[in-house]
Amino acid sequence: MLELKSLKKAYIQGSQKIEIFENLNFHLKEGERVAIMGKSGSGKSTLLSLISGIIKADSGDIILNSVSYKDLQESELNDFRATNIGFIFQNFHLVSYLNALENVMLPAKVCNIANAKEKAIELLKSVGLSHRLDHLPSQLSGGEKQRVAIARALIHNPKIILADEPSGNLDEETGIAVMDKLFELIKQNNTTLILVTHSKDVATRCEKTYELNSGNLNKC
Ligand SMILES: Nc1ncnc2c1ncn2[C@@H]1O[C@H](COP(=O)(O)OP(=O)(O)O)[C@@H](O)[C@H]1O
Ligand SMILES: [Mg+2]
């Protein structure tokens, strides 16, 4: 369901060229859950940004759900991302002036999903936050914010969830509780997951773990 073909990506920093991927090939089956580990700076976030289409590869192609990114115009790629991908970030990335319910409803609004409010309430209930619907992010703890972010990532029933160190900013106990919720919900929906993490304990929840090193993904 996801295929990365001969991906090449470099950044230019001043006069320096930083090669992140020279020839990356990778594939993932529907419903598969994989963890990606690797040193800071190895390109994990870059990899997720490429898969989400937020940044473009210098060459090569990404095929998600039989759609080749090469064939899409910028606006088509934006629509494709909004419909097919859910994101969870280390720093939650909630909209500060929207309450929990409004944050969860955002992707559903973009995709024009029917019954967005009911779905958002149901998801917030399933992550244990039905008593926090009208709270702003600033009124929520880190673990609560990440549970809102999980509900937001799932509201449009994405094909794939991309999670970038989702428990990286949480204490161990809260991180475990948040990961329990995430895995419970994605297993229910058979959602594919790519999870970037520094924690071996978190990685073992996935069927496979890869290490990103020198631009290659090696199975651990
Ligand atoms: N927009 C950018 N412009 C220039 N260099 C970047 C940019 N984004 C990331 N980098 C560089 O690319 C490398 C990989 O970054 P990143 O993908 O964030 O790694 P990781 O998530 O594994 O820590 C780092 O050396 C980083 O400084
Ligand atoms: Mg990163």
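Start by selecting Phe183, which is buried, with a relative accessible area of 4%; buried means under 20% relative accessible area, exposed over 50%, and partly exposed in between, using a 1.4 Å probe and protein chains only. You are looking at a predicted model, in which local features need pLDDT of at least 70, side-chain atom pairs count only at pLDDT 80 or more, and totals for chains, interfaces and linings use all residues. Residues are numbered from 1 along each chain as its sequence is written, chains are lettered from A and ligands numbered from 1 in the order in which they are written, and side-chain values use heavy atoms, with hydrogens and water left out.

**Stop 1: around Phe183**

Phe183 sits in helix α6. Helices here are DSSP runs of H or I with at least four residues, strands are runs of E with at least two, and both are numbered from the N terminus. Now show the contacts of Phe183, meaning heavy atoms within 4.5 Å. Setting aside residues up to four places away in sequence, you should find Arg33, Leu193, Leu195, Arg205 and Cys206. For a distance check, pick the C-alpha atoms of Phe183 and Leu162: they are 13 Å apart in space and 21 residues apart in sequence.

**Stop 2: helix α4**

Next, select residues 116–126, which form helix α4, and colour its buried residues Ala116, Ala120, Leu123 and Leu124. Why do they share a side of α4? They cover an arc of only 100° around the axis, and that puts them on the same side of the helix; the arc is that of the directions from the helix axis to the C-beta atoms. Turn the view round to the face away from the buried side, and you meet the exposed residues Glu122 and Lys125. To see what covers the buried residues, display α3 (100–110), α5 (142–154) and α6 (172–189), which are among the covering parts. Before leaving, step just past the end of α4 to Gly128, which takes a positive phi of about 80°.

**Stop 3: ligand 1**

Centre on ligand 1 and select its shell, taking residues with a heavy atom within 4 Å. The surrounding residues are Tyr11, Gln13, Ile20, Lys39, Ser40, Gly41, Ser42, Gly43, Lys44, Ser45 and Thr46. By type, the shell divides into 2 nonpolar, 7 polar and 2 charged residues. In this scheme Ala, Val, Leu, Ile, Met, Phe, Trp, Tyr, Cys and Pro count as nonpolar, Asp, Glu, Lys and Arg as charged, and the others, Gly among them, as polar.

Three atom pairs are worth labelling. Gln13 has a side-chain N or O atom 2.8 Å from a nitrogen atom of ligand 1. Ser45 uses its backbone, with an N or O atom 2.9 Å from an oxygen atom of the ligand. In Thr46, a side-chain N or O atom is 2.5 Å from an oxygen atom of ligand 1. On its own, ligand 1 has 570 Å² of accessible area, and the protein covers 63% of that. Two elements give two or more residues to the shell, β1 (2–13) and α1 (44–52), and α1 gives the most, with 3 residues.

**Stop 4: Leu24**

Move to Leu24 in strand β2 (residues 16–28). Leu24 is buried, with a relative accessible area of 1%. Its C-alpha atom is 5.0 Å from that of Ser6, although the two residues are 18 apart along the chain. Beyond four places in sequence, Leu24 touches Leu4, Lys5, Ser6, Leu7, Leu47, Gly215, Asn216 and Leu217.

**Stop 5: helix α2 and Asn65**

Now select α2 (residues 74–84), whose buried residues are Leu77, Phe80, Arg81 and Asn84. Seen down the axis, these residues fall within an arc of 100°, so they line one face of the helix. Their cover includes α1, β4 (59–64), β5 (67–68), β6 (85–89) and β7 (160–164).

Zoom in on Asn84, which is buried at a relative accessible area of 10%. Outside its neighbours within four places in sequence, Asn84 contacts Asn65, Pro158, Lys159 and Ile160. Follow that list to Asn65, in the loop between β4 and β5. Asn65 counts as partly exposed, at 28% relative accessibility, and its phi is positive, near 55°. Most residues other than glycine have a negative phi.

**Last stop: Ser214**

Finish at Ser214, in the loop between β9 (208–213) and β10 (216–219). Is Ser214 buried or exposed? Ser214 is exposed, with a relative accessible area of 68%, and its phi is also positive, near 50°.

Conventions:
A polar contact is a pair of N or O atoms within 3.5 Å; within protein, one must be able to donate a hydrogen and the other to accept it, and residues adjacent in sequence count only if both atoms are side-chain atoms. Accessible areas come from the Shrake-Rupley method with a 1.4 Å probe; for residues, only the protein chains shown count as cover.
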